[in-house]
Amino acid sequence: FPSHDNSVQNFMAFAFWTDGWRDHSLMPNGEGLRRCSCGKFLLFKDLFEIETAEASDLPYISHVTPDQLPTCIAASTNEEIEIAARLEYWRDLNHPYRESYRSHRDAEEAENKAAWEAQNPDRRTWWDKIRGREAPAFIRTEDMRFTVPQFEPSGTQLENMKRLCELLIETPGKSLFRCNITLAELYREQGRFSEASKMISAVKLKDEGITSKLITKLISEEQNALIRYRM
């Protein structure tokens, strides 16, 4: 099951999202899905290395591309592969919203900065500049406007999230708190806040982190949109 909290997300990235996606991560975002040239889908963890081979025409293994995910889901031979495929599909289907989110946040932050600069003009004299005194630097404060675009998942997204919830509940992973956080986020994005609240409240205090606390806050606000944040 996916690593979905800062206690296990111990690799660097430019930014994190509540669905587990990482921007410019040093580690891959995928769930380890691979496709054999024979057409079979499998997980990277199930592969093993051999030192020599007698044939040069052995099947080769490649990464599963986003456009292959629906086929992978339909052809899944076990629940573990289907879960991995649906997790990747969930995040891939969220990408268009990420683009809208980035554009929205960039525009709003530009407005916040412009308003701040109007209230904090550069009053340095020429002598101040010669002496190397720096101009006022924009500092974001909590009272500044912070909004995000409305998140309206499509029928395909809702269908995938609903099935993913069913699979995660029916097939509990080795680390239950990770599963709880993922389920809480899936329910939240569907607008199923009561179920999301039950899942996030099941996370033990010792396992809480930035991600789980943020999701808890968003559930209490009945906000279903993806949120970007930094560790």
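**Two open sheets, a pocket and a two-sided helix**

Arg34 stands opposite His63 in β5. This pair is a convenient way into the predicted model described here, and it belongs to the contact between strand β3, residues 33-36, and β5, which are joined in the antiparallel sense over three bridges. Both strands are part of an open sheet of three strands, arranged in the order β4-β3-β5 with antiparallel pairing. At its edges lie β4 (41-43) and β5 (61-63), each of which pairs on one side only. From one strand to the next, the twist averages 40 degrees. As a reminder, strands of a sheet pair through backbone hydrogen bonds, either parallel or antiparallel.

A further open sheet is also built from three strands, here in the order β2-β1-β6, and its pairing is antiparallel. The edge positions are taken by β2 (22-23) and β6 (228-229), each pairing on one side only. Strand β1, which spans residues 15-17, meets β6 in the antiparallel sense over two bridges. Within this contact, Trp17 has Arg228 of β6 as its bridge partner.

Arg228 leads on to the second largest pocket, since this residue appears in the pocket lining as well. The volume of this pocket is about 260 Å³. Alongside Arg228, the lining consists of Tyr101, Arg105, Glu109, Arg140, Thr141, Glu142, Met144, Phe146 and Arg230. Helix α3 (residues 95-119) supplies the largest share of this lining, with three residues. Sorted by class, the residues around the second largest pocket comprise six charged, three nonpolar and one polar. Arg228 thus serves as a link between two parts of this description: it is the bridge partner of Trp17, and it also helps to line the second largest pocket.

Helix α7, covering residues 193-201, offers a clear case of sidedness. Which of its residues are buried? They are Phe193, Ala196, Met199 and Ile200. These four lie on the same side of α7, because they cover an arc of only 120 degrees around the axis. The general background is helpful at this point: an α-helix has 3.6 residues a turn, so residues three or four places apart point the same way. The other side of α7 presents the opposite picture, with Ser194, Lys198 and Ser201 exposed. Read together, the two sides pair a buried set that includes Phe193 and Ile200 with an exposed set that includes Lys198.

Terms used. Residues numbered from 1 in each chain as written. Predicted model: local features only at pLDDT ≥ 70, side-chain atom pairs only at ≥ 80, totals over all residues. Heavy atoms only, no water. Buried < 20%, exposed > 50% of the residue type's maximum accessible area, 1.4 Å probe, protein only. Arc of directions from axis to C-beta. Pairing = 2+ DSSP bridges. 1 Å grid on protein atoms, 1.4 Å probe; cavity = no way out; pocket = protein on both sides within 12 Å on 5 of 7 lines; lining within 4 Å. Points joined across faces, edges and corners; volume = space filled by probe spheres on them. Nonpolar A, V, L, I, M, F, W, Y, C, P; charged D, E, K, R; others polar. Axes fitted to C-alpha atoms, helices over the stretch in contact; angles between N-to-C directions.
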